[in-house]
Number of protein chains: 2
Amino acid sequence: MAEAGTRRRGRGGGGAARRAERSGMKFEAARYISRNIPDFDILNAEALEIIEANAETLLEEIGVNFVDNPAALDRWREAGADVQGERVHIPKGLARKLCATAPAQFTQTARNPDRSVEIGGRNLVLAPVYGPPFVRDLSGERRYATIEDFRTFVKLGYMSKWVHHSGGTLCEPTDVAVNKRHLDMLLAHMTLSDKPFMGSVTDPSRAQDSVEMCKILFGADRLDDTTVMTSLININSPLTFDGIMMGALEVYARQNQACIISPFIVGGAMAPVSVAGTLTQVLAEVLAGVAYSQLVKPGAPAIFGAFVTSIDMNSGAPTFGTPEASQILYGAGQLARRLGLPFRSGGGLCGSKLPDAQAAYETANTLNAALLGGVNFMLHACGWLEGGLVSSFEKFVLDADQLGVLHTLAKGVDMSENGQALDAIREVGPGGHYLGCAHTQANFQTAFWRSDVLDYRPFEHWQDDGAPDSAALARSRVRALLDAYTPPPLDPGIAAALQDYVDRRKASEPDAFT
Amino acid sequence: MAEAGTRRRGRGGGGAARRAERSGMKFEAARYISRNIPDFDILNAEALEIIEANAETLLEEIGVNFVDNPAALDRWREAGADVQGERVHIPKGLARKLCATAPAQFTQTARNPDRSVEIGGRNLVLAPVYGPPFVRDLSGERRYATIEDFRTFVKLGYMSKWVHHSGGTLCEPTDVAVNKRHLDMLLAHMTLSDKPFMGSVTDPSRAQDSVEMCKILFGADRLDDTTVMTSLININSPLTFDGIMMGALEVYARQNQACIISPFIVGGAMAPVSVAGTLTQVLAEVLAGVAYSQLVKPGAPAIFGAFVTSIDMNSGAPTFGTPEASQILYGAGQLARRLGLPFRSGGGLCGSKLPDAQAAYETANTLNAALLGGVNFMLHACGWLEGGLVSSFEKFVLDADQLGVLHTLAKGVDMSENGQALDAIREVGPGGHYLGCAHTQANFQTAFWRSDVLDYRPFEHWQDDGAPDSAALARSRVRALLDAYTPPPLDPGIAAALQDYVDRRKASEPDAFT
């Protein structure tokens, strides 16, 4: 376990540290957040009990569909559910009881042990954007993403102090065949970063590739008792579990790898237009999904996921950073804690097409709610733009910088004698100032969080420098980070074996583009 | 009392409503927020008790300075304080006891009774930016503010649905003499809006002018038992109360008008670099200031103010939207509630020079903390830019729009049968969709908060429209609001009497420019 706080990296990446130092850029990696502040509980006990009772009613009375998955139906039948065709009616209490074998907290091990993360409890792990087919590049062009873009995002995540996790599909590398791009993405995470990462879920065979490559990276024997991937299993809301996603879940659960069981909901389309109704459906779906993971393998790590937005009834577009989304996030966090499961939400969500004020309002609304709502694993913490259609380099570094705000806020208030600072107030007295007092001198270097991207200069200096807006500042930051990047060291034998696996698998089947 | 929720205005402003309707723009005014969600308490009971004990120690042992104000020293001596020169040592417990006569909640009456606000309790009243000498205008020029800019901000506040209060010095009208500009500002608030407003505090005589003009507007006899102004009394931190500000406070308190007693702190300069130390000083200063208001007139309305930012130790600039500022805001809210006083903080604070991503991250961080921190009166809720040096029209409408997010979030979660939406989930079932279901049809128009400024259009439509960023969208919004503006009706006799008062007072003394 890494100790609290942030520090220079001890090993692995010394080259990057040295290179960053030469360029005047600090290369640091913060430990995942351990909250020393309370959660914000928006629902009272009565409301929670109503939602929980309603979810049990849904599971028993309406049930859920497990599609194209006869083995799943068998498992459910055996566990005591009433299976009618592909519809699984789960008796009240059964799903919750099955969920009890899932751990409340687990370690996701990284190849650099200093970067391993604890998911659950009072902890918050931050991971980048997942899924967009487009990028907005530094020239301002919005275009289809490539594997080179993907590698650039891995590098940015590796270089970002407040980002704990390398994530998964940082963007879709559309220039690589659909059935082969997972191999290139995994190879990038494994070789260009030493932070923890996610596996492929788009087909059970690709989940198996993820497992096999992890066996090369971590050692075949270690994987049985070590969780090295946390992968995103979306539920096809409402109340539907498709065979492909469940096939991937089965691969991961059997291998003790973690799954985020995540309803994917645009409120008004995939769930009711009300917060309480949406929470009820979310809980029912997560109960069924996590219970199923425990039917596959009791004790397999699972995360209570919630990705919820709402539809704009004028344009039909999904919206982000809205008050309803925050209410759902707060409520879902409470439901997850009562269920004893780690909780996952989105982070830097926004609908804006540009990294402008809209993007930042919406993102900050989500980030603040996620911190106070007790999220344990935050996906999309940085780089998300345009409702998830676009990964943005500029927004990546702007958001990643704001994640520092969450770290400091989560520490809570220092009530030590030094924090109380009575002697400083005595020393300065009425009408004085604190700039030179002993307490300030002793504490100022660590007293206040400071942005690494935003502008604090006086107006005149800023104007003389060309009056850069946040997007321009972000472009400079992206270039500086990439310029300072060197890959973390990796055993050449492992690197070669990974490359060989990718080459062999790519050669074993023709390219598919759907 | 206005009923809950928002509605079309019943009276006063029918012309604006009709004109706005013709232009396709809705003209609405939301009621102040009544929170139906809990507060976020960052400090535990032990921490609160330590800070409270330390504040009492400071007041007794170090004391506070009341400068250039012999009458104040007499009042303190009479109340039992130990006065040494201008230093007032307040025995432990005395200030808190004196604060007990200040009301926990009070009504600030507006000339349109539908716009009166309740300050305190579970309520949150939102008021615009206060104090900047510069504006950033729609052409992008940063220049000294004028009285015409001031009037434009009054109009924008009047037209903004989620802004409850017309505020005070929306910008400094630097083209009017220093000793006369308060008259023009008050006249603008009184005639161009019908929302509540603030009085002048820059000299006791200007506070008296504010009272006299209110007697014309509301009727001389009403003022004795009706609070119609909430004015900003800054403390000269650390621990110093200057004669001019206290002179203004004395005028207002004697007349039962409300004062915000507000330490003005850049942490590291006017307070220690630690959160707990700053909270201790804030509490001591507010205790002394509110106690003093009660010595002047027991029962006079007073607000626990806190304007706290921290200094960037590299540039010396104040910073905003930082985690330390949020921690202080949360802690100060708790201290205010334990003291039984309404609580004031800042709102849309930021250090950015432009209404860009930096401005919005910093603003949203502050707005979210202020809502959950239990703020009752939020100054600078919209329009603040560049650390308070600049009032921005664009940022005014962007922030004012985001204030709608706070309104919806504060409502809490609807747990009615309709909110639970079980029948909707039954109707749709696994694999269906909610777009056409009965529950969606019945609720979609009010289900989700919707921005009036930000862009939700599909990428292609947005691109065809010139790909506007948030600032461009804001400029369109400003122009549309001003185009739809007509002043609320005012009795011509009162309008003439106000103008006459302003003219006479202006003629009574020469212009002063310092």
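**Entry 1: H10(A) and H12(B).** I looked up how H10(A) passes H12(B), and the crossing is right-handed (clockwise turn of the near helix from the far one by less than a right angle; anticlockwise would be left-handed). The contact joins Pro323(A), Glu324(A), Ser326(A) and Gln327(A) of H10(A) to Val405(B), Thr408(B) and Leu409(B) of H12(B). Contact here puts C-beta atoms, placed from the backbone, within 7 Å. By class I find 3 nonpolar, 3 polar and 1 charged residues. Nonpolar covers Ala, Val, Leu, Ile, Met, Phe, Trp, Tyr, Cys and Pro; charged covers Asp, Glu, Lys and Arg; the others, Gly among them, are polar.

H10 spans residues 323–339 of chain A, H12 residues 393–410 of chain B, and their axes come within 8 Å and cross at roughly 40°. H10(A) and H12(B) are therefore oblique (not under 35 degrees, over 145, or 65 to 115). Axes are fitted to C-alpha atoms, for helices over the stretch in contact, with angles from 0 to 180 degrees between N-to-C directions. Helices (H or I, at least four residues) and strands (E, at least two) are DSSP runs, numbered from the N terminus.

**Note on the model.** This model is predicted: local features need pLDDT of at least 70, side-chain atom pairs count only at pLDDT 80 or more, and totals for chains, interfaces and linings use all residues. Residues are numbered from 1 along each chain as its sequence is written, with chains lettered from A and ligands numbered from 1 in the order written.

**Entry 2: H11 on H11.** I turned to H11 (residues 357–372) of both chains: the two helices pack at about 40°, axes 8 Å apart. H11(A) passes H11(B) in a right-handed crossing. Among the contact residues are Ala357(A), Tyr361(A), Ala357(B) and Tyr361(B). This contact has 12 nonpolar, 4 polar and no charged residues.

**Entry 3: the two copies.** I laid chain A on chain B: RMSD 0.0 Å, a turn of 180°, a shift of 0.0 Å along the axis. The copies are thus related as by a two-fold rotation axis. Superposition is by least squares on C-alpha atoms of residues with pLDDT of at least 70 in both. Of chain A's residues, Ala357(A) comes closest to the axis, at 2.1 Å (C-alpha).

**Entry 4: loops.** I checked Ser237(A) to Pro238(A): the peptide bond is cis, omega near 5°. Pro238(A) sits in the loop between strands S12 (230–235) and S13 (240–241) of chain A. His380(A) is not a glycine, yet has a positive phi of about 60°. His380(A) is buried, with 28 other C-beta atoms within 10 Å (20 or more is buried, 12 or fewer exposed, in between partly exposed).

Conventions:
Contact = placed C-beta atoms within 7 Å.
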